[in-house]
Every structure is written in structure tokens, then in C-alpha cells.
Number of protein chains: 4
Amino acid sequence: MNSIGVVVRLTLFGSSHGPGVGAVLDGIPGGIKISEESIQQELDLRRPSPGIGTERAEEDRVQVLAGLVNGMTTGGPMQFYIANKDRDSSKYLKFKTTPRPGHADYPALVKYGEGHDIRGGGQFSGRMTAPIVAAGAVAKTLLRRNGIEIAAYSKSIGRVEDEAEHPLPELLEARKNPVRSASSETAALMEREILEAKEQQDSVGGVVRCLAFDLPVGAGEPFFDTLEGELSKMIFAIPGVKGIEFGSGFSAARSRGSQNNDPFEIQGDRVVTSTNHAGGVLGGLSNGMPLDLKVAFKPTASIGLEQESVDLEARRSARLKIEGRHDPCIVPRAVVVVEAAVALVLADLCMRGGYIAR
Amino acid sequence: MNSIGVVVRLTLFGSSHGPGVGAVLDGIPGGIKISEESIQQELDLRRPSPGIGTERAEEDRVQVLAGLVNGMTTGGPMQFYIANKDRDSSKYLKFKTTPRPGHADYPALVKYGEGHDIRGGGQFSGRMTAPIVAAGAVAKTLLRRNGIEIAAYSKSIGRVEDEAEHPLPELLEARKNPVRSASSETAALMEREILEAKEQQDSVGGVVRCLAFDLPVGAGEPFFDTLEGELSKMIFAIPGVKGIEFGSGFSAARSRGSQNNDPFEIQGDRVVTSTNHAGGVLGGLSNGMPLDLKVAFKPTASIGLEQESVDLEARRSARLKIEGRHDPCIVPRAVVVVEAAVALVLADLCMRGGYIAR
Amino acid sequence: MNSIGVVVRLTLFGSSHGPGVGAVLDGIPGGIKISEESIQQELDLRRPSPGIGTERAEEDRVQVLAGLVNGMTTGGPMQFYIANKDRDSSKYLKFKTTPRPGHADYPALVKYGEGHDIRGGGQFSGRMTAPIVAAGAVAKTLLRRNGIEIAAYSKSIGRVEDEAEHPLPELLEARKNPVRSASSETAALMEREILEAKEQQDSVGGVVRCLAFDLPVGAGEPFFDTLEGELSKMIFAIPGVKGIEFGSGFSAARSRGSQNNDPFEIQGDRVVTSTNHAGGVLGGLSNGMPLDLKVAFKPTASIGLEQESVDLEARRSARLKIEGRHDPCIVPRAVVVVEAAVALVLADLCMRGGYIAR
Amino acid sequence: MNSIGVVVRLTLFGSSHGPGVGAVLDGIPGGIKISEESIQQELDLRRPSPGIGTERAEEDRVQVLAGLVNGMTTGGPMQFYIANKDRDSSKYLKFKTTPRPGHADYPALVKYGEGHDIRGGGQFSGRMTAPIVAAGAVAKTLLRRNGIEIAAYSKSIGRVEDEAEHPLPELLEARKNPVRSASSETAALMEREILEAKEQQDSVGGVVRCLAFDLPVGAGEPFFDTLEGELSKMIFAIPGVKGIEFGSGFSAARSRGSQNNDPFEIQGDRVVTSTNHAGGVLGGLSNGMPLDLKVAFKPTASIGLEQESVDLEARRSARLKIEGRHDPCIVPRAVVVVEAAVALVLADLCMRGGYIAR
């Protein structure tokens with residue numbers, strides 16, 4: 001299904017090869033000031049960075065077709081539309097016979113049969129994340145008005161990992177360098193890691209970490225619509241994601257309760273925990289500490305190196321070389337997508353819980 | 001919300017302290033043979049193992065109140081009910097003033113206020129997983145009739161990790177040892193790891209790995225109801241889960257595309273991949289290879305050691321000692337819960353996709 | 001599916017022949033005072049009235065299994081359970097061969113096949129409305145706290161129709177006479193109409209009218225989750241309903257716009273309409289005037305007279321005589337069910353729209 | 001919310017004043033042959049008929065942006081887009097101060113506040129039914145491939161009522177006359193009724209009856225997702241609807257069980273009923289007889305006569321004259337909308353029940 005959310009609800013439409021992609025965003029309260037430029041700025045962060053990204057030129061101009069009049073939300077459903085420019089799809093046809101390793105081609109062909117629209121990856125294309133970013137820009141504005149700030153960055157790219165903790169201002173700096181690193185030193189190493197893969201016609205993965213500050217205590221719904229569950233469902237819609245963890249995550253599995261439990265303490269008039277192994281979530285609910293999640297992205301499936309595949313018609317093995325320019329690393333572009341996805345889920349859960357007034 | 005699923009839909013009811021817990025399971029086709037005993041056997045796997053588990057004696061007898069007549073499903077909604085026996089709740093009242101670290105007490109108190117029913121953890125209790133196991137037994141039977149087999153085991157407990165790959169018969173052996181290990185050698189080490197934590201009044205976490213064999217190619221729905229997204233949402237409803245990954249997961253983030261892409265090959269009349277870094281999922285759809293997911297559980301939050309907390313009324317720090325017997329490691333009991341959760345999601349996606357006839 | 005609602009969400013479980021029927025009610029805010037006795041009083045209104053109703057003795061004692069502690073809602077899911085007493089189901093078995101006219105027997109047998117649990121009507125039984133009434137009692141209390149009052153009555157029974165408009169106090173009087181009439185004169189005529197049908201071993205239908213006062217302007221959601229659409233979906237779940245109309249309803253279809261449009265006027269500090277042909281709804285949203293809906297109930301399908309049916313095995317016509325005592329008119333008992341159904345939908349839409357604080 | 005349906009799921013986007021309106025239709029199986037021309041033909045039936053309809057010239061050219069390649073469905077989500085041509089919205093601004101009687105202006109202004117986009121009725125506009133018709137054309141094709149045929153007609157317009165029963169060929173003739181009457185005699189009377197109202201600058205309502213033939217026995221889901229409940233929810237999304245009834249509907253309320261119960265009989269190899277008071281539905285499930293529903297439309301709210309309203313700013317009464325050309329009767333245009341709405345719900349319930357293969 002192409003919809004997600006309960007009170008703040010997103011529906012995607014379009015595909016990478018049709019005239020454009022877009023989204024309907026239901027449930028945003030009226031009267032929120034937001035400019036089309038600020039939405040466009042978010043989309044610009046999703047564009048490939050010069051040098052390290054693909055050279056395909058998608059301009060990605062967003063149009064807000066409804067729900068925003070004179071820079072203010074109307075309370076009705078919002079609609080975003082982003083026209084497709086680069087639509088040469090002839091090169092995709094051979095993948096109907098010889099599916100690309102690591103792509104959805106093979107299961108989609110089996111699922112949809114003869115009619116499957118493989119061009120540009122169709123509805124499986126990473127391009128579907130563009131309208132998520134546009135809708136996420138609105139969700140972020142709604143959250144910010146309610147004191148909630150979201151920031152993501154590239155925690156690791158390939159073998160380069162940033163082990164440091166960063167305060168919010170440093171996190172926001174990540175928007176300014178091409179790899180979305182929260183540290184300028186790491187940024188240089190990450191860029192080199194990407195360029196090295198690129199030179200070898202290969203690709204590299206990485207981890208995006210996203211933090212959300214000052215969530216209301218209690219956001220999230222038991223038993224199934226937990227903060228982690230709702231976020232995970234949304235995050236796994238982003239192409240290339242293979243794992244997600246909250247707080248200490250997989251390393252919690254190796255630890256003791258006495259180490260991993262976060263002790264409570266009073267800080268001014270707030271109840272906080274002195275550590276944040278929980279990543280801001282207890283029992284599926286926000287505990288008021290920073291929400292802290294990490295998302296693992298696999299290396300881009302499209303690489304220049306020749307690969308082993310099969311000829312589905314001849315039923316025999318076939319070698320495949322994917323032409324064209326592809327992102328050697330999707331992680332820097334994914335940072336703003338993760339932020340948007342997180343913002344949309346948090347806006348929904350905050351509205352559902354009555355933490356944000358309608 | 002207490003419901004999950006679209007065509008096969010589960011709703012939980014009850015709480016750890018009320019008269020019982022149960023579930024409604026909609027969407028199971030009529031005419032499937034299943035005995036109450038086989039459902040009970042699954043529930044028995046969720047009971048604490050002697051020696052390494054809590055000594056609280058919950059008998060957990062399941063009653064099937066509807067949807068099963070003369071050992072055959074009726075096609076109507078099924079209902080499961082498990083009476084609560086051990087209901088001494090007086091000991092929970094102090095947690096309303098002094099919340100337990102690592103538990104939902106604090107955010108639930110803020111969310112629900114004065115009226116919050118904290119006894120036994122209420123709706124946040126691990127006891128809510130008992131009806132999931134009962135419903136999961138039906139989902140497993142439905143899947144097995146369609147050639148799909150699910151098996152989970154303890155991949156790691158604390159510092160002890162099982163690095164081996166196991167064929168299905170070995171995986172099924174895991175049901176026979178108390179720690180649910182797929183290898184008898186590792187089983188002994190894991191048991192020691194748990195007992196050591198227990199002796200120190202501490203607890204330990206671990207990783208459950210679950211595999212599903214012979215899924216139809218194409219199961220899962222783009223864009224949001226992906227195989228990974230739907231599974232994750234369900235899995236994060238299990239108390240104590242902090243992370244999930246598919247296939248190579250977080251280690252994919254450190255690899256190159258040329259390593260991580262699984263080459264296709266023809267094997268007999270099937271298209272397979274020679275490796276399974278994808279964990280059986282491409283573009284949110286099953287690719288026919290074994291579904292392979294790992295779930296990180298944190299160490300049990302309830303430990304015997306004294307912990308730092310706060311007195312919410314006096315607004316000052318307070319030390320807390322949790323009385324009673326608790327599981328030093330939840331992982332062995334969680335293995336059958338993960339299997340059930342996975343079975344319910346796969347049954348729903350297979351029914352939605354028309355891979356299983358109604 | 002056995003669930004309805006988005007923020008205030010109801011799930012039914014049980015069936016007329018199993019051990020009991022019940023409901024889970026998610027989304028009710030914590031801290032609302034409500035006694036089990038007041039819930040029971042609503043259920044008592046659903047019991048057959050002496051003389052005009054069936055003589056089967058269902059006591060219908062409601063238990064609140066969760067979500068209510070010390071007379072106050074906890075904020076967690078509420079659960080209601082009503083044990084079944086009268087469970088002689090042997091008489092239902094013949095309907096598997098010879099379906100009852102006007103009942104769900106035939107399509108349910110085709111849909112569910114061999115396994116269909118026909119006893120007592122199973123999940124199609126009017127008995128499933130008992131937990132709706134219990135949950136509705138909570139929804140009514142929630143609405144009343146927010147100034148919204150709901151009242152229904154028997155507008156017509158068979159050929160006897162009450163054409164008058166009644167103020168709220170008269171409507172509440174309807175609870176005191178056995179036919180739930182808002183006028184004592186009509187009450188006598190309606191009772192006679194029912195008794196006449198009963199003597200002839202026949203049954204009679206009728207119309208329930210329900211009004212809701214002082215709804216917030218704007219409740220309801222375009223485009224699909226309109227006030228009328230959400231109410232209708234819920235109302236058609238009540239067995240025996242064949243039609244619903246709002247305001248002037250079907251008679252609006254025969255009128256002119258100049259007659260049917262309700263002129264606006266200022267009354268004190270409120271904007272009202274001088275007529276209420278709209279029944280309180282414009283564009284799917286509450287306009288602040290009384291919500292006014294009418295529900296058509298068919299005559300009870302179970303009658304004592306012999307009827308034409310078929311023998312599904314022998315594939316030939318067969319005459320059928322239904323034994324036992326049945327309600328000659330379901331309408332009086334349905335009045336409180338309609339109120340409950342309306343209350344649940346309004347509570348959901350008011351919570352979704354932020355008109356009632358969480 | 002702008003979405004409806006479970007397996008076949010429709011999401012609307014756009015508004016009457018933006019660049020266009022459209023819909024996303026999820027869940028349609030791949031491999032169905034359908035031409036854009038056949039979708040366009042359905043939309044053409046929604047256009048105003050010369051003489052009796054509005055003279056505003058909306059061309060309503062549908063574009064299928066995704067999900068249809070070379071005249072065959074792909075199995076992915078389908079997308080329809082209809083550009084808006086006639087967008088002079090200046091005349092709507094005064095309704096923000098002086099709401100039109102019978103329109104959503106007043107509650108929408110209260111609900112959405114300052115930001116409400118009133119132009120052209122915004123998301124409350126009848127124009128939103130255009131994409132429903134486009135999506136409905138696909139649903140009809142899917143149903144027809146499975147032997148199910150849908151046909152609606154104007155049963156009454158104002159005081160003119162067509163009391164006859166019509167076989168399918170006559171029903172299909174309704175598409176050929178401007179008032180969508182199934183009888184040429186009634187057609188003339190209906191046209192006169194509309195023209196008379198038009199001359200008087202007034203409007204008139206009517207009833208659309210819709211039949212669906214050869215539905216599989218068992219379609220529909222208890223307890224809440226009944227055939228009647230799901231249809232009603234969809235139908236009430238059509239602007240102007242005030243009532244719905246199935247089979248004998250409101251007249252059943254005045255009848256006896258012995259008259260209203262439909263006796264079963266064997267006809268060839270089928271089980272049928274000799275009458276169809278049930279309108280093809282028993283217990284919320286299709287019984288295989290023709291589905292028979294009637295929908296009451298109020299007279300068009302926009303009339304040329306001066307009306308009483310209020311000045312919301314000055315808080316005093318104000319007279320209002322609505323300029324421009326409006327449909328004096330919406331019923332003829334609504335016939336194809338009702339067909340589409342019914343087709344979409346039936347397609348969803350047939351897919352959900354497994355009556356139509358994926």
C-alpha cells in the first residue's frame with residue numbers, strides 16, 4: 001500500500017518513469033506558516049552532491065498543488081508534485097530478461113508478471129523518496145512549532161565511522177558538507193571512501209543516525225503502534241535499508257541489565273536519565289530523552305562492474321553490465337530522507353496522542 | 001492500537017493483572033485442521049525453562065473460544081483466552097512513585113496520569129505475548145500447509161554467540177534445549193552465561209535469529225507495507241526489542257556493492273542467489289531465498305541489584321530494589337514469540353498478495 | 001473485520017454460542033469517572049421488555065476486565081465481557097441444511113463452508129450488539145463530559161408512526177416505557193402493534209431516530225470519513241438495518257433547493273439554521289445543529305409461521321418452522337444499540353478532530 | 001481522510017481550484033486489458049448534459065499517469081489525473097464571510113479557520129467525484145471480467161418517480177438519455193421537472209438506484225465491514241447524498257416478517273430467493289441475488305434565488321445571491337458516480353474475500 005500514518009497520513013503517487021512523483025499529506029492542522037522555498041531547500045539536500053553523486057540532472061522542483069494558500073496551511077490535504085525530467089527508460093528494458101542483482105527487478109517481475117513497469121525502477125525507485133522529503137518538510141515545521149527538533153547525519157560510510165556524540169548545532173552543520181558528516185575531519189575521510197569506491201566502479205554503504213530532541217513524554221501507542229514500530233515501518237520503505245536500532249541497539253544484546261538500564265534523575269524540573277541506552281524509548285513510548293536511532297544502508301546495488309545474473313527466458317546464467325552513472329554511495333542523500341521519514345511518524349504519533357493541538 | 005494486520009488481523013485484549021489475556025484473529029480461512037493441543041505446545045515453549053527462568057508459576061492454558069469447531073477453523077474470527085493465575089499486584093504500587101529503570105513505568109504514568117493501571121506492567125507486560133504465540137500457532141499451520149516453514153533460535157546470549165549456519169533440522173532442535181540454541185555446545189555456554197548473570201542478581205540480553213523457508217516470490221507490498229516494514233512493526237511490539245536487521249544488515253553498511261549484491265543463478269527450475277546477503281528480501285518483496293532476520297533483545301530490565309531512580313512525588317532521587325524472581329534472560333522465551341510474530345505477518349502478506357487461497 | 005474506528009477504536013470478540021461476547025475499546029482518555037453500574041444500566045435497556053420481547057433469559061452481566069480502576073478510566077484499552085448463559089444450540093444445526101429466510105445462514109454457509117459455526121447465529125448474532133452497548137456507555141460518558149448528549153427513540157413500529165418533534169427531556173422518557181416511545185400515547189399503539197404481530201406468530205419492523213445535541217461545529221473528516229459515512233458504516237453492522245437517512249433524507253429527494261436549504265441566522269452568539277433539513281451535517285461535517293438520523297429496521301427474520309426454504313443437500317424445496325420464542329419486534333431493544341453506535345462514532349470523530357482533549 | 005478500501009484502495013488528491021484532481025488506485029491485479037478511451041467514456045457520462053446541466057465547460061480529460069502500460073494494468077498503483085480548466089475563483093471569496101446555505105462553507109470555515117481554501121468548494125467540491133469515476137471504470141472492468149455487471153439509473157427526479165423494474169438491457173439504455181432514465185417516457189417527464197426548476201432559478205433532488213448482478217455469494221465481511229456498511233461509507237462521500245437503503249429499505253420497516261422474508265428456492269443449479277426484499281444482502285454478505293440500493297440526493301444547494309444567510313464578521317443576517325450557472329439537478333450526473341463508487345467497494349470486498357484472483 002502507498003499510504004502510511006493514522007492522523008497525519010501520507011500517500012505517495014507517481015513513479016520514476018511517469019510524468020512525475022508526488023504525495024498527499026492528510027491531517028496537517030491549518031494556520032501553519034510554511035514557504036514553498038523552505039520545502040524546496042529540503043529537497044535540494046536530497047540532490048546528489050557534485051563529485052560524489054550521480055551526474056543525472058534531476059532538478060526536482062516541488063509544486064504544492066493544494067493545502068497551502070498564501071504561505072499558510074489550509075487544514076485540508078496537502079499535495080506535492082515533482083515533475084520527472086530525465087526519463088530515458090530504454091536502458092531498463094533488458095532488466096526484464098536479466099534482473100539486476102540487489103534490485104527489486106526479479107521479485108517484481110514474478111509478482112506483477114508481464115505488465116510490470118520496470119522503467120526507472122517504477123514504484124521501487126529511490127525517486128519515490130522525493131515526495132517524502134517534501135511532506136517531511138511540513139512535518140518538521142509542525143514539530144518545530146511544538147519545540148521538537150530533528151537532525152540526522154552520516155554516522156558511517158563504508159569503513160569510516162564517526163564514534164563521537166554531537167550537540168544539535170554540530171548536527172545541523174552536517175547539512176553543509178557533501179557527505180552530511182557532523183565533523184569536518186570525518187567528512188574528508190568519508191568523501192575519500194566514496195571516491196575510492198567510485199573509481200573502482202563499485203559502491204559503498206553506511207549508517208545514518210537520526211536524533212529527535214524534546215519529544216513529549218508518552219508519545220507512541222501500545223501495543224503495536226509503538227514509537228519504534230511505527231518508525232521502523234516507515235524507515236524500511238526507504239530503498240536500501242537493511243537494519244534499524246534504537247539507543248544501544250544490537251550492543252544492548254551483549255550487555256548486562258545493570259549496565260544497560262538508564263538510571264533516572266531529577267534535572268531542574270525534569271525527570272531525565274543519566275545515560276540514554278534506551279534511545280529515548282521505553283515500552284514503545286517516548287521517555288523525553290533524545291530519540292536516537294541508527295539506520296543501516298546497504299551499498300548501492302547499481303555498480304559499474306560486471307555481475308552474475310540469469311537470463312530468465314533462456315533459463316541460463318548471464319553476465320550483466322549496468323550502464324550509466326549511479327550514486328557510488330546513497331547515504332549522504334538518504335540523510336534528509338531519514339529526517340523526513342522520522343518527522344512524519346513523530347507528527348502522526350504526536351497528533352494521535354493529543355500532544356499537538358489540531 | 002491493539003490491532004495489527006490487514007487481511008489476517010490480530011487484536012490483543014487483557015492485561016497482566018486482569019482476569020486474563022487473549023486475542024482475536026480475523027481472516028484465517030475456514031477448513032484448516034488444527035488441534036488445541038498443538039496451540040498449547042507452542043505456548044509451553046514460551047514458559048520459563050527450569051533453572052534459568054523465573055519461578056513464577058503461570059500455567060498458561062489456552063482456550064479457543066471461537067473460530068475452531070471439531071478441530072477445524074470455521075472461517076470466522078478466532079479467539080484465544082489465557083487466564084491469569086498469579087496476580088499479586090501489591091508490589092507494583094510503589095513503582096507509581098518510583099519508576100523502574102528500563103521499564104515503561106515513567107512514560108506510561110505521564111501519558112495516562114492518575115488512572116494508569118501499573119499492576120504487572122498492565123498492557124506493557126511481556127505477558128501480552130502469550131496470545132501472540134497462540135495466534136501465531138494458527139498462522140504457522142496455515143503457512144505450513146502452503147509449504148512455508150519458520151524456525152527461530154537464540155543466536156547470541158550475552159557474550160556467547162553462535163556464528164554457524166544451521167539447516168532446518170538443526171534449527172528445530174533448538175526447541176528441545178532450555179536456551180533454544182541450535183547447537184548443543186553453544187547451549188551449554190549460553191546456559192552458563194545466564195546462570196552467571198542470575199547469580200549476580202543481574203540480567204543479560206541476546207539476539208534471536210528467525211528464518212522462513214520457501215516463501216512465494218513477490219510476498220510483501222510496496223511502498224510502505226514492505227516485508228521488512230511489516231515485520232519490524234510487529235517485532236517491535238515484543239517488549240525488550242531494540243534492533244532488527246535483515247540478511248547482512250548492519251554489516252552491509254560496511255561492505256561494497258560488489259560483495260553485498262547476491263548474484264543470481266539457475267538451480268534446477270528455480271532462480272536463486274548464490275549468497276543471501278539480502279536476507280530473502282529485495283525492494284520489500286520476498287525473492288524466494290530464506291527470509292533471514294535478527295532481533296536484538298536488551299537485558300531484562302528487572303534486576304535484583306539496587307538501582308538509581310527518582311521519587312516522582314518528592315521530586316528527588318531515590319534508590320529502588322525490585323523484589324521477586326525475574327527472568328535473568330528473556331531471550332529463550334522470546335524465540336517462540338518471534339516465530340509467532342513472523343508467522344502472523346507472513347500469513348497476512350501472503351493472504352493479501354493472493355499467495356494463499358481463502 | 002471485527003474492528004472499527006481510528007482513534008477511538010472498537011474490536012468485538014466472542015459469539016452467541018461460545019462462552020461469552022466482549023469488546024476491546026482503545027483510545028479512551030484516562031481519568032474519566034464511570035461506574036460499572038452505569039454501564040450495566042445501558043445493557044439492561046437492551047434486554048427484552050416483558051410481554052413484548054423474547055422470553056429467553058439472558059442476564060447480560062457486564063464485566064469490565066481492564067481499563068477501569070476504582071471507577072476511573074486508566075487511559076489503556078478497556079475490555080468488556082458478557083458471559084453467555086443460554087447456549088442450547090442443538091436447534092440451530094438443521095439450519096445448516098435448510099437456511100432460514102432473512103438470516104445470514106445461506107451466504108455464511110457458502111462463504112465459510114463446512115466449518116461454519118452456525119450455532120446461535122455465531123458472529124452474525126444480534127448478541128454481538130451487547131458489547132457495543134457496553135462500549136457505547138463509555139463513549140456517551142466521554143461525550144457528555146464535553147457537553148454532547150445523545151438520545152434515540154422508536155419513531156415508528158410497523159404502521160404506527162410518531163410524527164412529532166420531541167425536546168430532549170421527552171426523548172429521555174423513552175427509556176422508561178417498554179417500546180422506547182417518546183410519547184406515552186404512541187407507546188400504547190406501538191405495544192399493540194407488536195402484540196398483534198406476536199399473536200399471529202409474525203414480526204414487525206420499525207424506525208429508530210437518533211439525535212445528538214451540541215456537537216462541535218466541524219466534526220467529521222472529508223472526503224471519505226464523513227460524519228454520515230462513518231455513522232452509516234457502524235449502523236449497518238447492527239443486524240436488521242436496511243436503510244439510513246440524515247435530516248430530511250429521502251424526502252429531500254422530492255423537494256426543491258429553495259425549500260430544503262436551511263437558512264442561516266444569528267441566535268445569541270451562535271450561528272444556527274432556522275430549519276434542520278440537513279440533519280446537522282453539511283459537506284460531511286457537523287454544522288452545530290442537532291445531528292438527526294433515522295434507521296430502518298426490517299421485521300425480525302425469525303417468525304413462528306412456516307416458511308419456504310430449500311434443502312441444500314437434497315437440492316429441493318423444503319418448508320421450515322422455526323421453534324422457540326423470538327422477539328416479534330427488535331426495534332425497542334435496538335434503540336439503545338443505535339445510541340451506543342452513534343456515541344462510539346462521534347467519540348472517534350471528536351477525538352480525531354481534536355474537539356475532545358486526550 | 002482521503003483514502004478508502006483495504007485491498008483495492010483509493011486515495012483522492014487535488015481540489016476544484018488547484019491545477020487538477022486525481023486519484024491513486026492500489027491493489028488492482030496486473031494483466032487486465034483496459035483502454036484510456038473506455039475510462040474517458042465513463043468520465044464523459046459525468047459531464048453536464050446540454051440544456052439541463054451547468055454551462056461551465058470542464059473538458060475533463062483523464063490521463064493515466066501510472067499503472068497502465070500498453071493498455072494493460074501493471075499490478076502497481078494506478079494514477080489518474082484530470083486537469084482543471086475553469087478556475088475563476090474570485091466569486092468564492094465572499095462566501096468566507098457569508099456562507100452559502102446547504103454548502104460546507106460554514107462548518108469548513110470553523111474547522112479549518114483562516115487558512116480554509118474555499119475556492120470552488122475546495123476538497124468538498126463535487127469535482128472530486130471525477131477521479132472516483134476514472135478509478136471506478138477500472139473497478140468495473142475488473143468486476144466484468146469476473147462476471148459482475150453494475151448499472152444505475154435515475155429512479156426519481158423531484159416528483160417524477162419510475163416505479164418499474166428494469167432488466168439489464170433497459171438499465172444500460174439509461175446512459176443514452178440526458179437524465180439517465182431507464183424508460184424513455186419517464187425521461188421526458190424528468191427532463192421537464194428539471195427545466196421547470198431551472199426556469200424558477202431553483203433546483204430539484206432525486207433518487208439514484210444501482211443494481212449489481214451476479215455477485216459471488218458471501219462477498220462482504222462481518223461484523224463491521226459489511227456489504228451495506230462499506231457501500232454506505234463510500235456513497236456518503238458523494239456530495240449531496242442524504243440517505244441510502246437496500247432492497248425494501250425504509251418500507252421494510254412498515255412490513256411484517258412473513259411479507260419481507262425472501263423465500264429460498266432452487267432454480268436450475270442455483271439457490272435463489274423468489275423475491276428480493278433483502279436487496280441481495282443477508283447478514284452483511286451477498287446472497288447472490290442482485291444487489292439493489294437506492295441513494296437519495298438533495299436538491300443542488302446552489303440556486304439562483306436570493307437566500308437568507310449571515311455575515312460572519314458583522315454577526316448579523318445577510319441576504320445572499322449566488323451568481324453563475326449551476327446544475328439545477330445533480331442526479332443525472334451522479335448516476336455514473338454511484339456506479340463507480342459501488343464498483344470500487346465491490347472490487348475491494350471481492351478481492352478481500354478471495355472471490356477475484358490476484
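Colleague: Helix H6 (residues 227–235) of chain D caught my eye; how many of its residues are buried?
Modeller: Bear in mind that this is a predicted model, where local features need pLDDT of at least 70, side-chain atom pairs count only at pLDDT 80 or more, and totals for chains, interfaces and linings use all residues. Residues are numbered from 1 along each chain as its sequence is written, while chains are lettered from A and ligands numbered from 1 in the order in which they are written. A helix is a DSSP run of H or I with at least four residues, numbered from the N terminus, and a residue is buried if 20 or more other C-beta atoms, placed from the backbone, lie within 10 Å of its own (exposed: 12 or fewer; partly exposed: in between). D:Leu227, D:Lys233 and D:Ile235 are among the buried ones, and the count for H6 of chain D is nine of nine.

Colleague: And what share of chain A counts as buried?
Modeller: The same cut-off is used there. Out of the 358 residues of chain A, the buried share is 66%.

Colleague: How many helices and strands does chain A have?
Modeller: Strands are DSSP runs too, of E and at least two residues. For chain A the tally is nine helices and 18 strands.

Colleague: What radius of gyration does chain A have?
Modeller: We take the radius over C-alpha atoms and set it beside the globule rule, 2.2 Å times the number of residues to the power 0.38. The rule gives 21 Å for 358 residues, and chain A comes close to that, so it is as compact as a globular protein of that length. The radius of gyration of chain A is 21 Å.

Colleague: Which rotation puts chain B on top of chain A?
Modeller: The copies are superposed by least squares on C-alpha atoms of residues with pLDDT of at least 70 in both. The fit has an RMSD of 0.0 Å and a shift along the axis of 0.0 Å, with a rotation of 180 degrees. That is the relation of a two-fold axis.

Colleague: How many residues of chain B are in contact with chain A?
Modeller: Contact means C-beta atoms, placed from the backbone, within 7 Å. Interface residues of chain B are 100% interface residues in chain A as well, so the copies meet through the same surface. Chain A puts in 87 residues, and chain B puts in 87.

Colleague: Which residue is the bridge partner of A:Gly243?
Modeller: Strands pair if DSSP finds at least two bridges between them. Strand S11 (residues 241–246) of chain A and S11 of chain B pair in the antiparallel sense over three bridges. The partner of A:Gly243 in S11 of chain B is B:Glu245.

Notes: Contact = placed C-beta atoms within 7 Å.
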